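Please work through the exercises below with the sequence and the structure open beside you. Try each task yourself before you read its solution.

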Amino acid sequence: RNYIKTEKYNIEEEEEGCIPMSSASLQRQKRVTKNWIETGSRANLIKPSTGYAFLKMVEDAAHLARHVESNSITTYKREKVSFRFQFYDRLLLKIIELQPESGKDIFQSLFKNIQTKEVLTFLKEKSSISDELRIFSVLPIFLFLKTAFKDAWFSLFRISPVVQTLLLTFVCFFFEYIQIQQASWLLMGLGFFTIGIAHGAIDHVTHQNIRNNVDLLKFIVSYVGKGILLGLLWYWQADFALLAFLIFSAWHFGQADFEAWKLPTGIYSFLWGISILGLLLISHFEETVAILQLLPGLTFLENLIALQTNVIIIIQFLFYTIGIALTISTRNKYVLLTLFNIYLFSYLPLLVGFGLFFIFQHSQHGYSFLRYQLNLTNRQFIAKAFPFSFLGSLFMIAFMFVMDEPNWGLFFILLSCLSMPHVISMNTFYKISRLKKNYLI
């Protein structure tokens with residue numbers, strides 16, 4: 001201080017410090033050399049919710065010094081923050097973000113009712129669970145519980161759709177075990193009438209040439225026209241219509257998965273779609289045949305029914321072989337995990353297994369891709385999808401309840417006619433998005 005008062009100096013640079021109040025790890029710059037060692041905030045040693053860092057930095061510096069002295073610095077690894085302390089930080093940060101006025105009351109209550117030594121032990125992340133329960137008992141419990149519920153809900157949607165599907169598969173196994181299969185159907189219904197329909201109800205937004213109502217009307221006429229053409233094919237050549245439906249469904253499923261996993265699409269994604277759709281259907285052979293028997297005009301059913309069990313097993317083995325080969329070639333964990341999910345689906349009813357894949361993996365992949373490419377929030381996406389989601393839901397509900405005896409064969413055909421133009425629209429949008437990405441690169 002005396003030196004500053006007596007000596008002349010120039011200010012060449014000013015430094016400002018701030019607490020990185022985020023539960024996410026800081027983005028590190030590329031190391032200058034392999035011997036570059038991060039410390040302090042660069043090493044994520046600052047507690048994001050409170051900024052408490054002094055002791056952790058001192059201990060870290062001492063450990064570093066000992067490793068430098070023993071020439072073993074390359075083996076030094078920092079202890080990771082435990083999950084529960086990350087959770088506590090995340091809750092407090094979310095509370096401060098949404099209700100900043102509550103921060104003062106929380107800290108006043110904390111230091112008023114808990115000894116400073118215990119508070120510091122908690123901030124050092126050295127406290128026990130019993131200590132933490134005592135600390136939380138003096139805080140506004142309902143505020144923390146409400147925030148914890150929101151965190152759990154949003155954490156669920158941060159999980160990969162493939163993992164979500166796996167978790168929900170076990171939920172459906174539980175419903176089967178306690179013999180309340182209606183709960184599985186309720187889950188499928190909720191998923192289908194929300195994200196299942198919504199992800200396909202925004203094709204008018206992905207279309208590049210809609211500038212006014214006239215363009216929108218042209219799009220709708222073209223969209224419906226494509227569905228009508230498939231409907232006519234069902235009427236004239238049901239076998240070819242079914243084959244076309246299965247081919248474009250396989251293409252669409254494979255394309256959506258590979259785009260989500262950032263894998264090259266094309267023949268490999270098509271083979272992937274064929275394998276997962278084939279496994280879904282062949283592992284429920286009797287149910288698949290029963291559904292196909294509801295479709296009018298099919299002429300190959302007798303040959304299908306006559307298939308021997310050993311032939312079915314060989315076909316199933318072939319589809320698994322394709323899936324495993326793609327797992328090895330892509331080295332992608334989600335490819336393998338999806339194969340495992342498909343295997344588990346074979347122990348559930350066909351429509352439940354197909355619903356789990358279609359809604360919670362395929363539809364979520366499509367929904368996430370569209371949201372990202374169109375730069376939409378969840379609310380904006382739902383608003384744009386609502387008109388066609390509402391009409392689609394109304395049509396399906398009316399079909400199920402208005403008819404005295406619902407014709408499920410006709411329902412399947414109508415569903416295929418609605419799906420086909422969506423597949424074409426999404427294929428075009430995937431290509432446009434890829435071209436934009438390549439252009440920017």
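A helix here is a DSSP run of H or I that holds at least four residues, and the helices are numbered from the N terminus. The structure in these exercises is a predicted model.

**Exercise 1. Which secondary structure elements does the chain contain, and what share of its residues counts as buried?**

Solution. Begin with the elements: the chain has 20 helices and zero strands. Next, take the residues as a whole, of which there are 441, and 37% of them count as buried. Then turn to the accessible surface, which comes to about 28000 Å², with 64% of that area belonging to carbon and sulfur atoms. Finally, consider the contacts between residues at least 6 apart in sequence: 70% of these join residues that are at least 24 apart.

**Exercise 2. Find the salt bridge between R84 and E132, and explain which parts of the chain this pair ties together.**

Solution. As background, side chains of opposite charge can pair when their charged atoms come close. The search of the whole structure finds five salt bridges, and one of them joins the side chains of R84 and E132, with 2.8 Å from N to O. Locate the two partners: R84 belongs to helix α3 (residues 83-98) and E132 to helix α6, so the pair ties together parts that are 48 residues apart in sequence. Now compare each partner with the cut-offs, by which buried means under 20% relative accessible area and exposed over 50%, with partly exposed in between. R84, at 27%, is partly exposed, whereas E132, at 1%, is buried.

**Exercise 3. Describe the salt bridges K94 with E97 and R134 with D131, and state how the partners are placed along their helices.**

Solution. Take K94 and E97 to begin with: their closest N and O atoms are 3.2 Å apart. Because K94 and E97 are three residues apart in helix α3, about one helical turn separates them. K94 is partly exposed, as its relative accessibility is 36%, while E97 is exposed, with a relative accessible area of 55%.

Go on to R134 and D131, whose closest N and O atoms are 3.0 Å apart. These residues lie three apart in helix α6, so that R134 and D131 are also separated by about one helical turn. R134 is partly exposed at 37%, and D131 counts as partly exposed at 23%. As a last step, look for a further partner: E118, D131 and R134 are linked in a network of salt bridges.

**Exercise 4. At what angle do helices α11 and α12 pack, and which residues make the contact?**

Solution. Identify the two helices, α11 and α12 (residues 238-260), which pack at an angle of about 135° with their axes 5 Å apart. To classify this angle, note that angles over 145 degrees count as roughly antiparallel and those from 65 to 115 as roughly perpendicular. An angle of about 135° falls in neither range, and the two helices are therefore oblique to each other. On the α11 side the contact is made by L230, L233, W234 and W236, and on the α12 side by A238, F240, A241, L242 and F248.

Then inspect the surface, where V224, I228, L229, L232, Y235 and W236 form a nonpolar patch with about 710 Å² of accessible area together. One of these patch residues, I228, lies in helix α11, which runs over residues 213-236.

**Exercise 5. Examine E125 and N375: where do they lie, and are they buried or exposed?**

Solution. Recall that most residues other than glycine have a negative phi. E125 has a positive phi of about 65° although it is not a glycine, and N375 also has a positive value, near 55°. E125 is placed in the loop between α5 (116-123) and α6 (129-137), whereas N375 sits in the loop between α18 (350-374) and α19 (378-402). With a relative accessible area of 17%, E125 is buried, while N375, with 66%, is exposed.

**Exercise 6. How far apart are S160 and Y334 in sequence and in space?**

Solution. Start by locating S160, which lies in the loop between α7 (141-158) and α8 (161-177). S160 counts as buried because its relative accessibility is 14%. Then compare the two distances: S160 and Y334 are 174 residues apart in sequence, and from C-alpha to C-alpha they are 8.8 Å apart in space.

How values were computed
Residues are numbered from 1 along each chain as its sequence is written. This is a predicted model: local features need pLDDT of at least 70, side-chain atom pairs count only at pLDDT 80 or more; totals for chains, interfaces and linings use all residues. Side-chain values use heavy atoms; hydrogens and water are left out. Buried means under 20% relative accessible area, exposed over 50%, partly exposed in between (1.4 Å probe, protein chains only). Contact means heavy atoms within 4.5 Å. Accessible areas come from the Shrake-Rupley method with a 1.4 Å probe; for residues, only the protein chains shown count as cover. Patches are made of residues with over 30% relative accessible area and no salt bridge: like charges are joined within 9 Å, nonpolar side chains (Val, Leu, Ile, Met, Phe, Trp, Tyr) within 5 Å. A salt bridge is a side-chain nitrogen of Lys or Arg within 4 Å of a carboxyl oxygen of Asp or Glu. Axes are lines fitted to C-alpha atoms, for helices over the stretch in contact, and angles run from 0 to 180 degrees between N-to-C directions. Angles under 35 degrees count as roughly parallel, over 145 as roughly antiparallel, 65 to 115 as roughly perpendicular and the rest as oblique.
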